[in-house]
Amino acid sequence: MGILTDILLAEKGVILHMLLTEYDEKKHLKHTFEEGREDLLREQIFKKLAKGKPISEIAEELETNTSVIERIVSKQ
């Protein structure tokens, strides 16, 4: 077995306690949903940019602020 396995087995009680008391499923699912939504938005933005559409038009079509579009574009 590897060192990580040894550590996890030795700290099993602490790890289980942490998972049971600190893990927030609702928060995790909300975060996952928001990531997926942003990925979809990013995909739509870059498709529209590839068609030569200006940011202001993209923002209007996607019902999003131009600052959000600019932030996503600047990350790439």
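Which residues make up the largest nonpolar core? In this predicted model, the core has 7 residues. They are Leu41, Ile45, Ile58, Ala59, Leu62, Ile69 and Ile72. Helices α3, α4 and α5 each supply at least two residues of this core.

Helix α3 spans residues 25-50 and has 26 residues. From first C-alpha to last, α3 reaches 38 Å. This is close to the 38 Å expected at 1.5 Å a residue. At the N-terminal end, α3 is capped by Asp24. A side-chain oxygen of Asp24 lies 3.2 Å from the backbone nitrogen of Lys26. Beyond the helix, Gly52 follows α3. The phi of Gly52 is positive, near 85°.

Four residues of α3 are buried: Leu41, Arg42, Ile45 and Lys48. The buried residues of α3 pack against two helices, α4 (55-61) and α5 (66-75). Leu41 and Ile45 also belong to the largest nonpolar core. Ile58, another member of that core, touches Ile45, Lys48, Leu49, Lys53 and Ile69. That set leaves out residues up to four places away in sequence.

Polar side chains were examined next, beginning with Glu61. Glu61 lies in helix α4. Its relative accessibility is 36%. Glu61 therefore counts as partly exposed, as the value falls between the 20% limit for buried and the 50% limit for exposed. Leaving aside neighbours within four places in sequence, Glu61 is in contact with Lys48 and Lys53. Both lysines are joined to Glu61 by polar contacts between side chains. The contact with Lys48 is 2.8 Å. The contact with Lys53 is 3.0 Å. Lys48 is one of the buried residues of α3, and Lys48 is also touched by Ile58. Lys53 is likewise among the residues that Ile58 touches. Glu61 and Ile45 are 16 residues apart along the chain. Their C-alpha atoms are separated by 9.9 Å.

The loop between α4 and α5 holds Glu63. Glu63 has a positive phi of about 50°, although Glu63 is not a glycine. Its relative accessible area is 75%. Glu63 is therefore exposed, since the cut-off for that class is over 50%.

The surface was also searched for pockets. The largest pocket holds about 150 Å³ of space. Two elements give two or more residues to its lining, α3 and α5. The largest share, 6 residues, comes from α3. The lining consists of Glu34, Arg37, Glu38, Leu40, Leu41, Gln44, Val68, Arg71 and Ile72. Charged residues are included, among them Glu34 and Arg37. Leu41 and Ile72 line the pocket and are also members of the largest nonpolar core. Leu41 is, in addition, one of the buried residues of α3.

Key
Residues are numbered from 1 along each chain as its sequence is written. This is a predicted model: local features need pLDDT of at least 70, side-chain atom pairs count only at pLDDT 80 or more; totals for chains, interfaces and linings use all residues. Side-chain values use heavy atoms; hydrogens and water are left out. The expected span of a helix is 1.5 Å times one less than its number of residues. Buried means under 20% relative accessible area, exposed over 50%, partly exposed in between (1.4 Å probe, protein chains only). Contact means heavy atoms within 4.5 Å. A polar contact is a pair of N or O atoms within 3.5 Å; within protein, one must be able to donate a hydrogen and the other to accept it, and residues adjacent in sequence count only if both atoms are side-chain atoms. A nonpolar core is a set of buried Ala, Val, Leu, Ile, Met, Phe, Trp, Tyr and Cys residues joined through side-chain atoms within 4.5 Å. On a 1 Å grid over the protein atoms alone, a cavity is a set of points where a 1.4 Å probe fits but cannot get out, and a pocket is an open set with protein on both sides within 12 Å along at least five of seven lines; lining residues have an atom within 4 Å of a point. Grid points are joined across faces, edges and corners, and a volume is the space filled by probe spheres set on the points.
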